Amino acid sequence: MNLQQLKYFRVLARFEHYTKAAGELDIAQSSLSYAISSLEQELGVFLFEKQGRNVVLTKQGKQYLYYVEKALDLLEQGDRLLKNSSTFSGNILDIGFVSSVQTRVIQWIKTYQQSYGTNCRFIMHENGTKALMRDLKNGTLDVVFSSEPENSGEYETHPLFRQEIIVLVPKNHPLAQRDFINPSDLKEEAVIMHTEETGMRAIISNLLAFHEIAPLIAGEASEDRVIAQEVSIGLGIALMTDCPEIYPENVRAIPLQSPLNFRNIYQTVSKNHYMSKDLVQFLNHVEKMT
């Protein structure tokens, strides 16, 4: 069977008359008869039976019509969704990012729209790296800006820029007066860590392990803003990327002296999903901006 046969079947079921249904479909009556006959042969049942000059649905035909209408209605809803989105913008781009790059992503979108005069609609999704990669893999997202993903061979990744890792402490903390902090200074400190869902968890864990420090974990959070707030109320200190726009007033970011005091941000797309012209053009713009 094919979609055309199902559409013919639905129209004939509505008109219950071959000539009228063929006129509605703007096809020859013989073509309609052949399509319905072929469908019946494939299904192994009669869908219509004659009633005078008309035809009516058989019991099996009525049952089948219920599912055909549901299937065609769903397909038509999908058509309308795509047509409505295209009339608005030509394309919708779903952008995933970790919280520390939000300001950059907003700036890229702003300058892209200014430069190209596009009405492309951007939908922004903030999350941890692992969650973002799952959404990228299943097609929910078009591109992700985050830490390097695990199993990066499954994706197309491109490094964009480097972020410094700092130590965030409350302003009334003994370390707050330092110009810099050595990793050894953190041995007795309660640390608020990123959750396992984030790329930062592995980066910070590796940094601390490199300096032979087993952190005293005071809490965990997936978003930098939440971690910064927890630091501000004295729940612990944190190692995070330098992102002044999200810091509360009563915290201080202090440089960390370590060869591993950085995190690379990557642009990641799926190897298996279609890339629209808008997406390719936006990614080229991002590369120019970085």
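The lining of the second largest pocket in this predicted model divides into eight nonpolar, six polar and two charged residues. This pocket holds about 180 Å³ of space, and of the 16 residues that line it, Leu-141, Asp-142, His-273, Tyr-274 and Leu-279 lie nearest its centre. Two elements, strand S3 (92-97) and S11, give two or more residues to this lining, and S3 gives the most, with three residues.

Strand S11, which spans residues 262-270, also leads us to the largest pocket, because it supplies at least two residues of that lining, as do helix H6 (129-137) and helix H7 (199-210). The largest share, six residues, comes from H7. The volume of the largest pocket is about 490 Å³, and among the 25 residues that line it, those closest to the centre are Ser-147, Glu-148, Pro-149, Glu-150 and Gly-199. In character, the lining of this largest pocket divides into nine nonpolar, seven polar and nine charged residues.

We can now turn from pockets to the packing of helices. Two packed helices are described by the angle between their axes and the distance between the axes. Helix H2 (residues 18-25) and helix H3 (residues 29-43) pack at an angle of about 105 degrees, and their axes are 9 Å apart. Because angles of 65 to 115 degrees count as roughly perpendicular, H2 and H3 are described as roughly perpendicular to each other. On the H2 side, Tyr-18, Thr-19, Ala-21, Ala-22 and Leu-25 take part in the contact, where they meet Gln-29, Leu-32, Ser-33 and Ile-36 of H3. The residues of this contact divide into six nonpolar, three polar and no charged.

Methods
Residues numbered from 1 in each chain as written. Predicted model: local features only at pLDDT ≥ 70, side-chain atom pairs only at ≥ 80, totals over all residues. Heavy atoms only, no water. Axes fitted to C-alpha atoms, helices over the stretch in contact; angles between N-to-C directions. Helix = DSSP H or I, 4+ residues; strand = E, 2+ residues; numbered from the N terminus. Parallel < 35°, antiparallel > 145°, perpendicular 65-115°, else oblique. Contact = heavy atoms within 4.5 Å. Nonpolar A, V, L, I, M, F, W, Y, C, P; charged D, E, K, R; others polar. 1 Å grid on protein atoms, 1.4 Å probe; cavity = no way out; pocket = protein on both sides within 12 Å on 5 of 7 lines; lining within 4 Å. Points joined across faces, edges and corners; volume = space filled by probe spheres on them.
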